[in-house]
Amino acid sequence: MSGALQLAAGVLVAIVFVDLLPPAVRGLVLGRVVLAFFVGSALFVVFDYASAWHTARRGKGESSTGSAGLFVGVVGDFLIDAVVIGIGAALDLGTGLLLATGMAIAQAPLAFVAIATAKAQGMPTNRRRLLIAAFFAIILVGVLVGYLVLNNQSETVILTLTAASGGFLITAVAEIMVPDAIRFLERKGPSLTPIWFPIGLTGMALFKLTSK
């Protein structure tokens, strides 16, 4: 799991700096790019704070209330990530696909926790399957919203949101993905598993640069 998260983090960083930010830098005033990047980064921080607040509240309240808060947080996380994928797809379908792959690896543990929590609380198998289907539906809706709403927008709007998506993704990598990957290794002693981060970063960067 640590290696998968490190690899996904490297891939996402490469996508941000090779696919998302260069068109924004070329097509927009630099100050607008910096501001959009900051707004995207701040959006992730706010969302992560809200998720942590829900988790803390879950620990203090009843388990049923807590699980509802957990599921709401998971759905919100999936929805925002899906919209980011849609924005990337509006810029380039290949970019959207690569974003989807990286985020799928990153969000797999979160989905597992949600399903495991539902099972621990006695949710029937059929309802857990519906919950999984609901997660997929939320992701599909987010991707369609991000793509269809932005596909007909001006280049300035698309590039601004692309820069904001870059800030969102870089902050997610720095604050969540890499720290989580490191935590998986805390009790295992020295490890070369973090090598998967530069492998993902340089591998994806070389792939994108040689394919252009």
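**A predicted all-helical chain: cores, helix H5 and a surface patch**

Thr160 is buried, because its relative accessible area of 16% falls under the 20% limit. This residue lies in helix H6, which covers residues 155-183. Once neighbours within four places in sequence are left aside, Thr160 is in contact with Leu28, Arg32 and Ala36. The model in which these features are described is a predicted one.

The overall architecture places this residue in context. The protein chain contains 7 helices and 0 strands, and its pattern along the sequence reads α-α-α-α-α-α-α. Of its 212 residues, 42% are buried. Among contacts between residues at least 6 apart in sequence, 83% join residues that are at least 24 apart. The accessible surface of the chain is about 11,600 Å², and carbon and sulfur atoms account for 70% of that surface.

Helix H6 holds a further buried residue, Phe168. With a relative accessibility of 3%, Phe168 counts as buried because the value is under 20%. Phe168 is separated from Asp81 by 87 residues in sequence, yet the two C-alpha atoms are 9.2 Å apart in space.

The interior can be followed through its nonpolar cores. The largest nonpolar core has 32 residues, and Ile15 and Leu169 are the members that touch the most others. At least two residues of this core are supplied by each of helix H1 (2-27), helix H2 (30-60), helix H3 (63-91), helix H4 (93-120), H6 and helix H7 (196-211). The largest share, 12 residues, comes from H1. A second, separate core has 7 residues, among them Ala111, Ile115, Ala118 and Phe135. As for Leu169, its contacts beyond four places in sequence are Val16, Leu20, Val84, Leu99 and Met103.

Phe135 also leads to helix H5, since this residue is one of the buried residues of that helix. Helix H5 comprises 27 residues, 125-151. At 1.5 Å a residue the helix should span 39 Å, and its end C-alpha atoms are 39 Å apart, so the expected and computed lengths agree. The buried residues of H5 are Arg128, Leu131, Phe135, Gly142, Gly146 and Leu150. A general property of helices is useful when reading such a list: an α-helix has 3.6 residues a turn, so residues three or four places apart point the same way.

Two of these buried glycines, Gly142 and Gly146, are touched by Val83, which also touches Val143, not counting residues up to four places away in sequence. Val83 is placed in helix H3. With a relative accessible area of 26%, Val83 is partly exposed, because that value lies between the 20% and 50% limits. Val83 and Val141 are 58 residues apart in sequence, and their C-alpha atoms are 8.3 Å apart in space.

Val141 in turn belongs to a surface feature. Together with Leu79, Val145 and Val149, Val141 makes a nonpolar surface patch of about 300 Å². H5 provides the largest share of this patch, 3 residues. Val149 is found in helix H5 and is partly exposed, because its relative accessible area of 48% does not pass the 50% limit for an exposed residue. Helix H5 thus has buried residues, such as Gly146 and Leu150, as well as the partly exposed Val149.

Note on methods: Residues are numbered from 1 along each chain as its sequence is written. This is a predicted model: local features need pLDDT of at least 70, side-chain atom pairs count only at pLDDT 80 or more; totals for chains, interfaces and linings use all residues. Side-chain values use heavy atoms; hydrogens and water are left out. Helices (H or I, at least four residues) and strands (E, at least two) are DSSP runs, numbered from the N terminus. The expected span of a helix is 1.5 Å times one less than its number of residues. Buried means under 20% relative accessible area, exposed over 50%, partly exposed in between (1.4 Å probe, protein chains only). Patches are made of residues with over 30% relative accessible area and no salt bridge: like charges are joined within 9 Å, nonpolar side chains (Val, Leu, Ile, Met, Phe, Trp, Tyr) within 5 Å. Accessible areas come from the Shrake-Rupley method with a 1.4 Å probe; for residues, only the protein chains shown count as cover. A salt bridge is a side-chain nitrogen of Lys or Arg within 4 Å of a carboxyl oxygen of Asp or Glu. Contact means heavy atoms within 4.5 Å. A nonpolar core is a set of buried Ala, Val, Leu, Ile, Met, Phe, Trp, Tyr and Cys residues joined through side-chain atoms within 4.5 Å.
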